[in-house]
Amino acid sequence: MGKVLNYFPSPAKILIVDSNSSERCLLKRFFLEHSYIVVDAASGRDALTSFKKHRPDIVLLDLLMSDISGFDVAVRIKALAGDDFIPIVFLTSLQDERSLVRCVEVGDDFLAKPYSQIVLQAKINSLINMRNMQLTLINQRDEITNYNHDLLQQQDVAKRVFDRIAHAGVLGADNIKYHLSPLSIFNGDVMLAGVSPTGNLVVFLGDFTGHGLHAAIGSMPLAQTFYTMLKKGFSLREIVREINITLCEILPVDLFCCAFIAEINFNNCHLRVWNAGLPDCVIYRSSTREVVKLASNHIPMGINETLNFDATVRVYEIEPGDRLYVWSDGIHEAQNSRGDMFGEDRLMDVFACNSRVENLFEEINTAVDHFIGDSAAEDDVSLLEITMIKADLFKLDKRAALNSDGLGLKDWRMRLELRPETLKSFDPLPLLLHILMNVPHLQPYGGQVYTVISELYSNSLEHGVLGLDSAVKLSSVGFTEYYQHREASLAKLSKGYVIIDLDYSGNEEGGDLKIIIEDSGVGFDYQQMLCEDAFKNQFSGRGIHLIRSLSQSLHYAGSGNKAYATFVWSD
Amino acid sequence: MAITSTFSADSGDLVIAISGRFDFSSHQEFRGVYENVDVKSGAYVIDLANSSYLDSSALGMLLMLRDYAGGDEANVSIINCNNDVKKILNVSNFEQLFTIK
Amino acid sequence: MIDPVHLDLEILSELKEVMGEEFTFLIEVFKTDSIVRISAIKEALASKDPDAVRRAAHSFKGSASNMGAIRLTNLCRKLEEIGGSGNINEAEVIAEEIVDAYSHVEKALG
């Protein structure tokens, strides 16, 4: 592109074909006078040779010639010209209507002898203008074809670039099935899946308004923010907030992103979901065949900078075997040849008719395909299925340690005291995780270490500083209440502290991290923890079972407001 | 698809009535109806009584009007929605941004 | 003085204007061409081929009309019509008149 095309070959080249040499001489003179380039031929055969050699812009053709008739010459010239419009004007003194009609059918016009110079010039000029117009059209058509070709290539490149970012995720995990249309990015759909340092699976399905490139604009920063923040251990709330702010900044007012985000904690069997503008998604309970609808209760992302995440996020308890289904409105709006939409009722019918849950994902796809039939509608379906499994089954390849060169934090101690103003608004865990990721060889254990610290920290903050009762969490209703209560208490917080004390020493073979977390709270009866039965029932809310399973030792001191855990690793 | 606008006689609000499908094809027309129009009361009313369907770009257009009318301070109401339209507005929780009657 | 029946001077002066310096060349071309046309007409008559008569006359008619040779043009048209009709009994007479008319034109062109 950017090349200036000269559509108008100037001056025009004219081929004069007449067996009569004085006529030829006269016409030749006339057109030379009017700045044409003139070539001439005295017979039909010469005319064809000359046409091939000179490729004129217009042809004046004597109708009566001894070798080939003017009509036949015209037919052959038109065939040689192909797509190119090269006007042919017959020179004739014939008067009969049939011949004149034929002139216009085979050629483009005729001139009766003797010629009027004015008519001759007017006709030739108007035909040359027609040819130039046609050349312009052909050139524009070619330009559009080339442009379209370029565009498709660019889309392909864009798609490959995007795929590399989007597929840095874990959509390939054993318990995930998904269907995305090949050009979903240009339909405005984004599907992301990643694992947090705590081992939680986080999935995101977004549907941008509109189609084409502008729908894809937001996808890139969205995917990048999602994966970067998830890897660094930011909470769901912070990830959602950051994505929303980014989208508000980059998207025009009328563009936004309907989104569904879910975090699955395989350890404690909790599912947190947040639906901002996507159709009802579904939890399918394997034991009861119950369909739990997850309705949208928030405005889509990219509209308003302030989010109401905590009030709209929902927590569900799930069991291994339960499945989460997430889709964009592409399924609901899939059309058959009569223009009917697939709709939610048909979608729910698929659930009602299902007998083996393992087949449900394929059954949904098949039902939509059958419904669309031969309407050849573009596939615009994004569908995601996640199966709940036991925590130990959800394993992903441990990434190669980044600090394998052995440089970094080998022997150190740090103490971080968090006071009310910090506790209210700042999550220290990503910061701590970042530090721990700089410990040589520790990265593969990042998830475990993070879980231990994060469980101990939330115990200290929620039960110690805020004095919340973990028993409330036992029912699913209470679970939501608990987190609402937590939010309210945090907002009012004016005194208290949490101290995080980390002490590490290690070498190539292994290392040893001591974690001490102390809070300003009244503590709890940790002695009772020694009794196995009691601990199972009463203290499960504190995640102590989990901490124990991940660390080498856990004990409490003081009134129970100071926890000591050690994490030891060796190759 | 047709868009007409009138000033309400008693309130002076700009009433924009949309009939048929409300989708991207009406983008220019929709903007033309409220841009450069002096609405003394500052209030806009979208009448969807004769609108059977709206797509996400229609939601985008509503957001554009809201932005034009003052963003968070805008006074835009959407009236006479049928059930399908209401459902589309509900899924996106647009009742937080517009007055839906 | 040239009889305008043989040569229309107005057309001739127009040609002079168009052709400029090449006017004499055009006259030469016309003269050479006319000899060829006349012999073509005679040949066609000798072989009693009406269509060949028609084409030869048609061709001569074109160049004659361009030069403003009015009588010659009219005679060529007549011969063309006769050739077209298929009955060339009267063609011989017309052909002789064409030769005569041309000799006047040739003389007038100098």
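How are H2(C) and H5(C) oriented to each other, roughly parallel or roughly antiparallel? The model in which this question is posed is a predicted one. The axes of the two helices come within 11 Å and cross at roughly 170°. Angles over 145 degrees count as roughly antiparallel, and H2(C) and H5(C) are therefore roughly antiparallel to each other.

The contact between these helices can be followed residue by residue. On the side of H2(C), the participants are Ile27(C), Lys31(C), Ser34(C), Ile38(C), Ile41(C), Lys42(C) and Leu45(C). They meet a set of residues in H5(C) that consists of Ala91(C), Glu92(C), Ala95(C), Ile98(C), Val99(C), Tyr102(C), Glu106(C) and Leu109(C). By class, the contact of H2(C) with H5(C) holds ten nonpolar residues, one polar residue and four charged residues.

Beyond the end of H5(C), which spans residues 91-109, the segment that follows contains Gly110(C). Gly110(C) has 7 other C-beta atoms within 10 Å. A residue counts as exposed if that number is 12 or fewer, so Gly110(C) is exposed. Between the C-alpha atoms of Gly110(C) and Ile27(C) the separation is 9.2 Å, although the two residues lie 83 residues apart along the chain. Ile27(C) is also one of the residues by which H2(C) meets H5(C).

Chain C as a whole has five helices and zero strands, and its pattern along the sequence is α-α-α-α-α. Of its 110 residues, 41% count as buried. Among the contacts in chain C with a separation of 6 or more, 54% are made by residues 24 or more positions apart.

Chain C also touches chain A: 15 residues of chain C are in contact with 14 residues of chain A. Helix H1 (9-19), helix H2 (23-46) and helix H3 (50-67) of chain C are the elements that give two or more residues to this side of chain C. H3(C) provides the largest share, eight residues. The side of chain C that touches chain A comprises five nonpolar, six polar and four charged residues.

Chain B has another kind of architecture to follow. Its secondary structure comes to three helices and five strands, arranged along the sequence as β-β-α-β-α-β-α-β. Within this pattern, strand E2 (residues 14-22) and strand E3 (residues 43-54) of chain B run parallel and are joined by eight bridges. In this pairing, Phe22(B) stands opposite Leu54(B) in E3(B). Together with helix H1 (residues 27-34) of chain B, the strands E2(B) and E3(B) make a right-handed β-α-β unit.

The path through chain B continues to strand E4 (residues 75-79), which runs parallel to E3(B) and is joined to E3(B) by five bridges. Asp47(B) has Ile79(B) in E4(B) as its bridge partner. From E3(B), the chain passes through helix H2 (residues 56-68) of chain B to reach E4(B), in a β-α-β crossover that is right-handed.

Of the 101 residues in chain B, buried residues make up 33%. For contacts in chain B between residues at least 6 apart in sequence, 66% join residues at least 24 apart. Chain B, too, meets chain A, with 14 residues of chain B in contact with 15 residues of chain A. The largest share of this side of chain B, eight residues, comes from H2(B), the helix through which the chain crosses from E3(B) to E4(B). By class, the side of chain B that touches chain A has seven nonpolar, six polar and one charged residues.

Chain A itself contains an open sheet of five strands in the order E16-E17-E18-E20-E19, with antiparallel pairing. Strand E16 (411-418) and strand E19 (553-557) of chain A are the edge strands, each of which pairs on one side only. On average, neighbouring strands of this sheet are turned by 10° against each other, direction ignored.

One pairing within the sheet links strand E17 (residues 498-506) to strand E18 (residues 510-519) of chain A: these strands run antiparallel and are joined by nine bridges. Here Val498(A) stands opposite Asp519(A) in E18(A). Helix H15 (residues 446-465) of chain A packs on the sheet, where it touches E17, E18 and strand E20 (562-570) of chain A. The direction of H15 makes about 10° with that of E18(A).

Conventions:
Residues are numbered from 1 along each chain as its sequence is written. Chains are lettered from A and ligands numbered from 1 in the order in which they are written. This is a predicted model: local features need pLDDT of at least 70, side-chain atom pairs count only at pLDDT 80 or more; totals for chains, interfaces and linings use all residues. Two strands pair if DSSP finds at least two bridges between them. Helices (H or I, at least four residues) and strands (E, at least two) are DSSP runs, numbered from the N terminus. Axes are lines fitted to C-alpha atoms, for helices over the stretch in contact, and angles run from 0 to 180 degrees between N-to-C directions. Two residues are in contact if their C-beta atoms, placed from the backbone, lie within 7 Å. Ala, Val, Leu, Ile, Met, Phe, Trp, Tyr, Cys and Pro count as nonpolar, Asp, Glu, Lys and Arg as charged, and the others, Gly among them, as polar. A crossover is right-handed if, with the strands pointing away from the viewer, the path from the first strand over the helix to the second runs clockwise. A residue is buried if 20 or more other C-beta atoms lie within 10 Å of its own, exposed if 12 or fewer, and partly exposed in between; C-beta atoms are placed from the backbone. Angles under 35 degrees count as roughly parallel, over 145 as roughly antiparallel, 65 to 115 as roughly perpendicular and the rest as oblique.
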